Amino acid sequence: MSLLFFFFLYTSHLRVVLSSHCSTITATKTFQKCMTLPTQQASLAWTFHAHNATLDLCFFGTFISPSGWVGWGINPSSPEMTGTRALVAFPDPNSGQLVLLPYILDPTVKLQKSPLLSRPLDINLISSSATLYGGKMATIHNGASVQIFATLKLSPNKTKIHHVWNRGLYVQGYSPTIHPTTSNDLSSIATIDVMSGSTAAQHSNIKTLRMVHGIINAVAWGVLLPIGAVTARYLRHIQALGPSWFYAHSGIQLPAFFLGTVGFGIGIRLGDLSPGVVYGLHRKLGFTAFCLGALQTLALLFRPKTTNKFRKYWKSYHHFVGYACVVLGVVNVFQGFEVMGEGRSYAKLAYCLCLSTLIGVCIALEVNSWVIFCRKSKEEKLRREGLIGGSDKGSGNHSFKNKIRLCQEWDSNPCPFGPVPETGALDQLGHLDFVVDVLQRIILKKKSTTALTKNKKLAVILVLLYSINSHRRRQHQPSSAAVPSLIGVRSTIYNLQQNL
């Protein structure tokens, strides 16, 4: 199931990448090079004239609202939004026609202290314009494509340009409002060398790290850790496995935590590479889950022995912290899907199928555990009421093997319960206790609490022997006075056992 989840996550990411495309041909110009930008299905086409350091370019973007805006710009100093000289296209509030205005994104814009007002750019912008894809008959709507054209005069020997682009939902007057703050919207930055057509490796590395971070953490925190918890809860009660359940539990949880530690470290690195991108809830959940996992691992070093009086407190701590870590890990996996923009992807569907399968197995095992618990409770109740015998442990009674030996010594006939070692003779009291014990074991062997009501002969004999035994014990009389023919009783028991 983990491989299936990985496949869907990879194909969904590939589908997003292939859905956007670039073109060098527009209705008015043809460009030499083009490039698909990493977010928002945007692309860029350009022609660089090296002899005069002039750059002709066209940015292709899409609206997300009929009253929204689409912007592109360059940052002369660094790859970030603050300081960008932008051209923003949006419908005119009065006429509804597409307009293109220049804006400078200073620090006050990011803090939203004042509305964004249009003002002339302080770069060598020779010309600019914007058109909707489809010509004059096109209208602005959700998903409408827009082309922003610009001609720039670059500085000599400076061909690496920091491109910044984004889009918003609406415009107040002639002031574009804040754009969405998803991962794609906050990562809409690329540094492109217009001479060679190459991009800075940093953003490509960020995309790769983000994908690896998501896959590793989803498998470690969202799949392996819950499986390890299920192993400990339901396999430890199977006596045939012995300590194997502990080795299986540790063998799953420790590699899962170390794998999750790698994913956690990649997440820290992603935060360093994206100073403007902050996911408060996702980060807090990740730190909390990692700390709980680290505490669980360190707790193994302080695990008391089973005879230690503090063992029960350690177990309570281990259960509480472990389940909390599993729950937080699964919740953070879903939060990670939203951060990556994969909230409706096949990868999330595959993970939900994995988790649903695991939950179904847990429900089945939980029901089975309760059935076994209820059965044992019912048998224990019957033991307390005296309808069935308890274990052979205790003082004052012969073990089952000793009773078999005494049974065989008492009579020369072959005993139906085992071989005959020759020692001593059985007193009548021991034989009567043995007869009662055999009848109890026949009932237990059939594993049916209604055996007495289904076999009338067995019920009559068992009640008779209990009554005689109790009366004899009260009167301190030998059992021979109460039971004239115990050989016949034993033969009857043997026949009943063969017929049951």
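## Contacts across a predicted fold

At 38% relative accessibility, Arg233 counts as partly exposed. This residue is a good way into the model, which is a predicted one, through its salt bridges.

**Salt bridges**

A search of the whole structure turns up four salt bridges. In one of them, the side chains of Arg233 and Glu366 meet at 3.0 Å, N to O. Glu366 belongs to helix H8 and Arg233 to helix H4 (residues 201-235), so this contact ties together parts that are 133 residues apart in sequence.

Another salt bridge pairs Asp122 with Arg85, with 2.7 Å between the closest N and O atoms. It links distant parts of the chain, 37 residues apart: Asp122 sits in the loop between helix H2 (107-111) and E7, while Arg85 is in strand E5 (residues 85-91). The two partners differ in their surroundings: Asp122 counts as exposed at 52% relative accessibility, whereas Arg85 is buried, with a relative accessible area of 17%.

Asp106 and Arg119 form a further salt bridge, their closest N and O atoms being 2.9 Å apart. Here the partners are 13 residues apart, with Asp106 in the loop between strand E6 (98-104) and H2, and Arg119 in the loop between H2 and E7. Asp106 is partly exposed at 24% relative accessibility, and Arg119 is partly exposed too, at 37%.

Here are these three pairs side by side.

| Salt bridge | Closest N and O atoms |
|---|---|
| Asp122 and Arg85 | 2.7 Å |
| Asp106 and Arg119 | 2.9 Å |
| Glu366 and Arg233 | 3.0 Å |

**The sheet**

Five strands make up an open sheet in the order E1-E2-E3-E8-E7, with antiparallel pairing. Strand E1 (33-36) and strand E7 (125-132) stand at its edges with a single partner strand each, so one side of each has no neighbour in the sheet. From one strand to the next, the twist averages 15°. E7 and strand E8 (residues 145-153) pair in the antiparallel sense over seven bridges, and Ser127 stands opposite Thr151 in E8.

Two loops in this region hold residues with a backbone angle worth a look. Most residues other than glycine have a negative phi. Gln41, in the loop between E1 and strand E2 (43-49), has a positive phi near 55°. Ala53, in the loop between E2 and strand E3 (54-62), likewise has a positive phi, of about 55°, although it is not a glycine. Ala53 counts as buried, at 14% relative accessibility.

**Cysteines**

The whole structure holds one disulfide. It joins Cys22 to Cys34, with an S to S distance of 2.3 Å. The two cysteines are 12 residues apart, Cys22 being in the loop between helix H1 (2-19) and E1, and Cys34 in strand E1. Cys22 is partly exposed at 29% relative accessibility, and Cys34 is partly exposed at 26%. Cys291 is in no disulfide, and the nearest cysteine sulfur, that of Cys325, is 9.9 Å away. Cys291 counts as partly exposed, at 43% relative accessibility. Cys58, on the other hand, is buried, with a relative accessible area of 0%.

**A nonpolar patch**

To finish, back to the surface: Ile359, Ile363, Val367 and Val371 make a nonpolar patch of about 350 Å². Val371 lies in helix H8 (residues 346-385), the helix that also holds Glu366. Val371 is partly exposed, with a relative accessible area of 42%.

Technical notes. Residues numbered from 1 in each chain as written. Predicted model: local features only at pLDDT ≥ 70, side-chain atom pairs only at ≥ 80, totals over all residues. Heavy atoms only, no water. Pairing = 2+ DSSP bridges. Helix = DSSP H or I, 4+ residues; strand = E, 2+ residues; numbered from the N terminus. Axes fitted to C-alpha atoms, helices over the stretch in contact; angles between N-to-C directions. Patch = residues over 30% accessible without salt bridge, like charges linked within 9 Å, V, L, I, M, F, W, Y side chains within 5 Å. Areas by Shrake-Rupley, 256 points an atom, 1.4 Å probe, with all protein chains shown as cover. Buried < 20%, exposed > 50% of the residue type's maximum accessible area, 1.4 Å probe, protein only. Disulfide = S-S within 2.5 Å.
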